[in-house]
Amino acid sequence: MLHETGFPHPFILWKSNDTIYNIWYPVKDLNELNRIAKAWEAFAEHHGTDVLEPVHECVETRIDKVMLAYLQLAYEPDGLPSAEHETNFCHMKQLYLKQGSEQAVKAHIHQIIELFQSKGVERNFYCGEGLLGMERPVLIYWSFAKDEQNYLQQEASIIELMGDEYQEIHQELSHHVRKIESLDFHYVNGLSYNLY
């Protein structure tokens with residue numbers, strides 16, 4: 001139905017446990033959030049509100065969050081395969097920072113990127129800052145893998161490859177962090193909407 005009506009906003013559906021689903025929309029600016037809401041209203045008007053009612057009846061609570069991705073803090077090595085089946089799992093860490101420590105933490109992440117480059121690490125990772133709907137300041141980083149076991153294998157290989165310097169950077173970074181939350185997401189095949 002979304003394809004039939006030309007719904008203009010792609011999204012990815014992830015599951016973080018048996019009862020929590022997460023819809024990720026890529027947006028260029030905050031105004032796009034209003035455009036997404038209006039597009040759903042137009043979809044409901046076109047198909048009738050009863051089309052979405054069964055979905056809404058399943059939802060007990062909803063939390064909206066906005067994150068700003070930092071392209072300059074992404075690590076994407078050349079030639080890394082990015083087949084869909086290699087991104088079925090996402091591990092995300094939310095670093096809740098001490099006030100005024102954002103720049104120091106970003107500097108440490110730059111150090112990690114430089115170390116990854118020098119060692120030829122073959123795994124992407126991305127960083128962003130939590131904005132609306134989140135306890136702040138919070139820096140978020142995430143990476144993808146085929147599944148949870150594949151992620152853990154990659155992590156163990158990276159720790160072994162990086163050596164003491166990697167541990168030292170993490171130790172320095174930890175001085176700026178109040179608490180850490182880890183989240184695992186599993187891609188829900190067939191329930192994401194791509195325009196292409």
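Which element do the buried residues of α2 pack against? In this predicted model, the buried residues of α2 pack against α1, which spans residues 2–5. The points below take up helix α2, then helix α5 with its ends and its packing partners, and then strand β4.

**Helix α2**

- Helix α2 covers residues 31–47, and its 17 residues reach 25 Å from the first C-alpha to the last, which is close to the 24 Å expected at 1.5 Å a residue.
- Glu32, Ile36, Ala39, Phe43 and Ala44 are the residues named as buried in α2, and because they cover an arc of only 135° around the axis, they lie on the same side of the helix.
- An α-helix has 3.6 residues a turn, so residues three or four places apart point the same way.
- The face of α2 turned away from this buried side carries Asn31, Lys38, Glu41 and Glu45, which are exposed.
- Just after α2 comes Gly48, whose phi is positive, at about 95°.

**Helix α5: span and faces**

- Helix α5 runs over residues 148–162, and its 15 residues reach 21 Å from the first C-alpha to the last, close to the 21 Å expected at 1.5 Å a residue.
- The buried residues of α5 are Asn150, Tyr151, Gln154, Glu155, Ile158 and Met162, and their directions cover an arc of only 135° around the axis, which puts them on the same side of α5.
- On the other side of α5, the residues Gln149, Leu152 and Glu160 are exposed.

**Helix α5: ends and packing**

- The N-terminal end of α5 is capped by Asp147, a side-chain oxygen of which lies 3.3 Å from the backbone nitrogen of Gln149.
- After α5 follows Gly163, which has a positive phi near 75°.
- The buried residues of α5 pack against two strands, β4 (89–97) and β6 (138–145), and against two helices, α4 (102–119) and α6 (164–174).

**Strand β4 and its neighbours**

- Strand β4, one of the elements that the buried residues of α5 pack against, is mostly covered, with eight of its nine residues buried.
- β4 and β6 run antiparallel and are joined by eight bridges, and within this pairing the bridge partner of Tyr96 is Val138 in β6.
- β4 is also joined to strand β7 (residues 177–187) by nine bridges, and these two strands run antiparallel, with Cys90 standing opposite Phe185 in β7.

Key
Residues numbered from 1 in each chain as written. Predicted model: local features only at pLDDT ≥ 70, side-chain atom pairs only at ≥ 80, totals over all residues. Heavy atoms only, no water. Helix = DSSP H or I, 4+ residues; strand = E, 2+ residues; numbered from the N terminus. Expected span 1.5 Å × (residues − 1). Buried < 20%, exposed > 50% of the residue type's maximum accessible area, 1.4 Å probe, protein only. Arc of directions from axis to C-beta. Contact = heavy atoms within 4.5 Å. Polar contact = N/O pair within 3.5 Å; in protein donor to acceptor, adjacent residues only side chain to side chain. Pairing = 2+ DSSP bridges.
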